[in-house]
Each structure stands twice: as structure tokens, then as C-alpha cells.
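Subject: Structure for your review

Dear colleague,

Please find below the structure that I am handing over to you. I would be grateful if you could look through it alongside the notes that come after it.

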Amino acid sequence: MKNRKIIFVTLMAVTAVIIGIICMSKVVENSWLETESKDNNLEVVSSGYNIADIGQFRYLTAEEYLETLTDENAIMAYKSDLVPFDDNMISYDEAATIGGTALEKVFPTINFREMEFHIAPKKWKLPYTNEEKIFFHGAISKENPEDHPISPSRTLEYFVYFIDAYTGELISLDAFFAETNVKSDMNREEALDYAQELAKLFGYNNYQKYYIEESDAGAGYKVFSVTFLIDDTKAVGFCFNTYEDRFIMGVSENGTQPYTLVAEKGIEVE
């Protein structure tokens, strides 16, 4: 139990760093695990969440989740970034709905309404700018039991989302799968099409430039990183590989590396 909790807390800390380097395939590791397949032909729907879905996504608050932890190091690590909830923030129900609905758009075959995420308002220092912002951080992880004969406490899958605690804007999604071994033969053009579908799913129908990077991750598969310049303040990026074990979506502000990359090297939209 102790090792499992420490691993998961460490995983959440690493996620914060990943957000800062999203869509820079040169820094994506070559050790992607073999994965399960998911459908890349996404249905384009309107952005945002349906108010009728409020209350349909299960969650634990920070206080409730802390009651499930027994390891003192894990408790201290979890508490270190917590901030008190205030009336100017969106509600827990809204955060759960925004995050859950966003994940449903990317992974339509997975039932996120049966999962119980733990959600908390947390303060994070953004990479590159060192600016501190407050996000609702939602996460859930599935792992092998500690007495598993081959892979004790191995993370099998996880889902993470970050939502601006005051505006409700989705800032990042992160998902990982470790179980299966289905390989896609996606090429560069198909990767761009997929990323454009994703951008539309989240309401980014108009963008000024796009920038795509492709890297060889070994074993016959590739990593694609696509970033869209939305306006003078924002870029949106998607990072995924052709084994489909990992997916990252992130919003980057002016002054960060992903924003600068697409602003300087991106291809103009005709």
C-alpha cells in the first residue's frame, strides 16, 4: 500500500511537468508502453459541457480522499499543493462534469460516469513562467494489487485533468494505458487530421497556425505532437503516439515554449 500511494503521488507531480512540455516531441521519451487501441474517428460535437450532466460524474473531495490515505508521506505530499475552496471558484460538481465530459469526447467507449475521481483545488507553478495558478486537479488510477505475482503496484491506466478553478477552462488532459498491444499505422497527415478533429471537439474551430512534429519512438511506432496557435494569448496542443498508450492535451499561454514554437515555426492557415 505504501509503495502504491507514493508511486501515484509521484505520478501526479510528474504530470505538472508534462503539461509544460506538451507537444514538444523531441523531449517525449522513447519508452512508451504497449497499449490498447481507441477509435481516432471522433464525432465533432460542440465544446463545453451539458448542464444536464451536472451530478452525473462521481468524485471524492480533497477531504474525502485524504481519509482514504494511510501513508504519512502520501498525505503530506497530497496536502502540499492544496488550497482552500472559496466561493469564487467553480463547484466540485462543475469541475467533475467539465473534466469527465472532456474525457468522454476523447475516449467515447469508456464510461467515466462509473469512475470516482478525486478532485481538489491545487496551486501549481507553471513551467517557463513560474506563475502560480489555481486549478481543480482531478485524477483516477488503476493499478495491479501489491500481491500481484508479476507486476505488483504497476500502474495499468490513469486519467488526469486540470481545470482553471475560477473560469472553468479545461487546461490539460492526460491519459495512459498499459494493457494491450495494438499498433496503428497512422502517418503524419492522419495525425494532423486527428489533432484537428480534437481541436474542434474542444471548440477551437479557428486557429492561426499549426505546427506538427514527428519522432521515431522505436519498435516501429511514432510519436506525434501537434500544436495550434489560437490567438495572441493561447495555443492548444495534442501529443499522442501510434501505439495509443498515451494522450496529452494542454493549453499553453504566450511566453511558454509550446506557444513560442508554433508562433515562430507554425504553418499559416489558408
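The notes below go from the chain as a whole to its cores, its cavities and three individual residues.

Please bear in mind that this is a predicted model.

The chain as a whole

The chain has 270 residues, of which 53% count as buried. Its secondary structure comprises six helices and 10 strands. Among the contacts with a separation of 6 or more, 66% are between residues 24 or more positions apart.

The nonpolar cores

In soluble globular proteins, nonpolar side chains tend to be buried together. Here the largest nonpolar core contains 58 residues. Those that touch the most other members are Phe159, Leu173, Phe202, Phe238, Phe247 and Met249. Another core, of nine residues, lies apart from it and includes Phe135, Tyr158, Phe176 and Ala178.

Phe247 may serve as an example from the largest core. Leaving aside neighbours within four places in sequence, Phe247 is in contact with Val106, Phe107, Leu173, Asp174, Ala175, Tyr194, Leu198, Phe238, Cys239 and Phe240. Two of the residues named above, Leu173 and Phe238, are thus among the contacts of Phe247.

The cavities

Rolling a probe the size of a water molecule over the atoms shows where empty space is left. In this model the count comes to two cavities of 30 Å³ or more. The second largest has a volume of about 30 Å³. Its lining is formed by Phe57, Arg58, Ala96, Gly100, Phe112, Met115, Phe117 and Tyr161. By class, six of these lining residues are nonpolar, one is polar and one is charged.

Ile119

Ile119 belongs to strand E2, which spans residues 116-125. Its relative accessible area is 0%, and Ile119 is therefore buried. Not counting residues up to four places away in sequence, Ile119 touches Tyr59, Leu60, Thr61, Ala62, Tyr78, Tyr92, Ala95, Ala96, Phe136, His137, Gly138 and Tyr161. Of these, Ala96 and Tyr161 also appear in the lining of the second largest cavity. Ile119 and Glu64 are 55 residues apart in sequence, yet their C-alpha atoms are 9.6 Å apart in space.

Lys209

Lys209 is found in strand E6 (residues 209-216). With a relative accessible area of 14%, Lys209 falls under the 20% cut-off and so counts as buried. A polar atom of the Lys209 side chain lies 2.7 Å from the backbone oxygen of Ala263. Ala263 is also one of the residues that Lys209 touches; the others, again not counting residues up to four places away in sequence, are Thr227, Phe228, Leu229, Val262, Gly266, Ile267, Glu268 and Val269. From C-alpha to C-alpha, Lys209 and Ile230 are 7.5 Å apart, with their positions 21 residues apart in sequence.

Tyr166

Tyr166 sits in the loop between strand E4 (155-164) and strand E5 (170-177). Is Tyr166 partly exposed or buried? At 37% relative accessibility, Tyr166 counts as partly exposed. The side chain of Tyr166 makes a polar contact with the side chain of Asp86, at 2.7 Å. Beyond its neighbours within four places in sequence, Tyr166 is in contact with Asp86, Asn88, Met89, Ile90 and Ile134. Tyr166 and Lys133 are 33 residues apart in sequence and 9.9 Å apart in space, C-alpha to C-alpha.

With kind regards

Methods. Residues numbered from 1 in each chain as written. Predicted model: local features only at pLDDT ≥ 70, side-chain atom pairs only at ≥ 80, totals over all residues. Heavy atoms only, no water. Helix = DSSP H or I, 4+ residues; strand = E, 2+ residues; numbered from the N terminus. Buried < 20%, exposed > 50% of the residue type's maximum accessible area, 1.4 Å probe, protein only. Contact = heavy atoms within 4.5 Å. Polar contact = N/O pair within 3.5 Å; in protein donor to acceptor, adjacent residues only side chain to side chain. Core = buried A, V, L, I, M, F, W, Y, C linked by side-chain atoms within 4.5 Å. 1 Å grid on protein atoms, 1.4 Å probe; cavity = no way out; pocket = protein on both sides within 12 Å on 5 of 7 lines; lining within 4 Å. Points joined across faces, edges and corners; volume = space filled by probe spheres on them. Nonpolar A, V, L, I, M, F, W, Y, C, P; charged D, E, K, R; others polar.
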